[in-house]
Amino acid sequence: MVEFSVIDGHIDTVMRILQDGRKFHERSEEGHCDLPRMQEGHVQAALFAIFPAMTKRNILDGLDQWFKVASDPRNRIHQVKTIDDFSIAQQENKIGAVLHFEGAGGIDKKFQLLRLGYQLGLRTMGLSWSNVNRYATGSMFKGDQVETGLTDKGILLMEEAQKLGITVDVSHLNDLSFWDVVKNTSKPFIASHSNARSVCSHLRNLTDDQIKAVHEKKGTIGINYSKGFLLEKVFENPELKVGLDIFKKHIDHIVNLTDINTIALGSDYDGTTVPDCLKDSSSFPILFDYLLENGYSNQDIKKLASENLLRVFKDTWKN
């Protein structure tokens, strides 16, 4: 059996283990990610999010917790700052951790926290969570949608981030902000944890035109494991079972619209409710086996599991 190395495009584990009072290096039945389960799932690396990053205090508290987790030798984490760090983490049998800001609302108007974040290893960043900040507007989970896009300052923030070598993430953005990103960048970007809106009509998912735009910019899209973004009927019936066939519908749709280079994984583990069939980070091989049995090749799975995200990072990071 082929073992596929995984780069997970989005996990909220740093926040979740603090809430749960559990330890990353110990196996737990709570949450979705810890060292033993990630190793079982052949996770090479993941984007470990600071969430929420809506205020300066959020970012500072998040950085403090992030580095407590990353620096504990028992956790066997290798911080990823360069492309070579992915292979170094694998060679050392450690989990590669990319520092990610989920939203940019806490970044000051002078972008000092952005530049300091980069020096600390920030390599991927969303412009907004599902809220409105001085830079961008997100897709709202509750209440009315806000019909504004990137601000002038938001465009400058994106440009500064890309100049530093930070990959821009459009997951959580509303449609207007998404298209403002497309209009104002020539560089690839990612939708780290988003699905296909044609398959599940939640506004957090991407329209067909948005999926094509990600492809045209040579970006990629991480499939989100959240039940509500996989199957809209879950909101009417939270106990509804979501099977592997639903994952494949989203993957098929994106691949058929574009190609195999436009699909990745962004589980949102430790940040959402996921289906029982892929219950935690040890479960990646279950998805891969199912896809292999239903028309996908070993090379396809390699691209989906890690190579597509890695390609975008090579195109957007400085080293």
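Which residue in E5 does Phe101 stand opposite? Phe101 faces Met125. The legends below start from the strand that carries Phe101, in a model that is predicted.

**Figure 1. The whole chain: 12 helices and 9 strands make up the protein.** The radius of gyration is 18 Å, close to the 20 Å that the globule rule gives for 319 residues, so the protein is as compact as a globular protein of that length. Along its principal axes, the C-alpha trace spans about 50 × 45 × 35 Å. Buried residues account for 60% of the 319. Long-range contacts are well represented: taking pairs at least 6 apart in sequence, 69% of the contacts join residues at least 24 apart.

**Figure 2. Strand E4 is mostly covered.** E4 runs over residues 95–101, and 7 of its 7 residues are buried. Ile95, Ala97, Leu99 and Phe101 point one way from the strand. Gly96, Val98 and His100 point the other way. In a regular strand the side chains alternate between the two faces of the sheet. Residues pointing either way from E4 are buried.

**Figure 3. E4 pairs with E2 and with E3.** Strand E2, residues 43–50, runs parallel to E4 and pairs with it over 6 bridges. In this pairing Ala46 stands opposite Ala97. Strand E3, residues 77–79, is also parallel to E4, with 3 bridges. Here Gln79 has Ala97 as its bridge partner. Ala97 thus appears in both views, opposite Ala46 and as partner of Gln79.

**Figure 4. Two right-handed crossovers involve E4.** E3, helix H4 (residues 84–91) and E4 form a right-handed β-α-β unit. From E4 the chain goes on through helix H5, residues 112–120, to E5, and this crossover is right-handed too. Strand E5 covers residues 122–126 and pairs with E4 in the parallel sense over 3 bridges. The Phe101 and Met125 pair belongs to this view.

**Figure 5. The largest nonpolar core holds 82 residues.** Which members touch the most others? They are Phe48, Ile107, Leu114, Met125, Leu127 and Tyr225. Helix H10, residues 244–257, gives the most to this core, with 6 residues. A second, separate core has 14 residues, including Ile83, Ala264, Phe313 and Trp317. Back in the largest core, Leu114 touches Ile107 and Met125. Beyond four places in sequence, the contacts of Leu114 also include Leu122, Leu157, Glu160, Ala161, Leu164 and Ile166.

**Figure 6. Helix H7 packs against two other helices.** H7 spans residues 175–184. Its buried residues are Ser177, Phe178, Asp180, Val181 and Val182. These buried residues pack against helix H6 (152–164) and helix H8 (208–216).

**Figure 7. His32 sits in a loop and is buried.** The loop lies between helix H1 (13–20) and helix H2 (35–40). With a relative accessible area of 9%, His32 falls under the 20% cut-off and therefore counts as buried. A polar atom of its side chain lies 2.7 Å from the backbone nitrogen of Asp270. Beyond four places in sequence, His32 is in contact with Arg22, Arg37, Tyr269, Asp270, Thr272, Val274, Lys279, Asp280 and Ser281.

**Figure 8. Asp280 is a loop residue in contact with His32.** Its loop runs between strand E9 (263–265) and helix H11 (284–293). Is Asp280 buried or exposed? Its relative accessibility is 3%, so Asp280 counts as buried. The Asp280 side chain makes a polar contact of 3.2 Å with the side chain of Lys279. Besides His32, the contacts of Asp280 beyond four places in sequence are Arg37 and Tyr269.

**Figure 9. Gly222 in strand E8 meets residues that are distant in sequence.** E8 covers residues 220–223. Gly222 has a relative accessible area of 3% and is buried. How far apart in space are Gly222 and Leu265? The C-alpha atoms are 4.0 Å apart, although 43 residues separate the two in sequence. Gly222 also touches Ala264 and Gly266. Further contacts of Gly222 are Ala191, Ser192, His193, Ser194 and Asn195.

Conventions. Residues are numbered from 1 along each chain as its sequence is written. This is a predicted model: local features need pLDDT of at least 70, side-chain atom pairs count only at pLDDT 80 or more; totals for chains, interfaces and linings use all residues. Side-chain values use heavy atoms; hydrogens and water are left out. Buried means under 20% relative accessible area, exposed over 50%, partly exposed in between (1.4 Å probe, protein chains only). Helices (H or I, at least four residues) and strands (E, at least two) are DSSP runs, numbered from the N terminus. Two strands pair if DSSP finds at least two bridges between them. A crossover is right-handed if, with the strands pointing away from the viewer, the path from the first strand over the helix to the second runs clockwise. A polar contact is a pair of N or O atoms within 3.5 Å; within protein, one must be able to donate a hydrogen and the other to accept it, and residues adjacent in sequence count only if both atoms are side-chain atoms. Contact means heavy atoms within 4.5 Å. A nonpolar core is a set of buried Ala, Val, Leu, Ile, Met, Phe, Trp, Tyr and Cys residues joined through side-chain atoms within 4.5 Å. The radius of gyration is taken over C-alpha atoms; the globule rule is 2.2 Å times the number of residues to the power 0.38.
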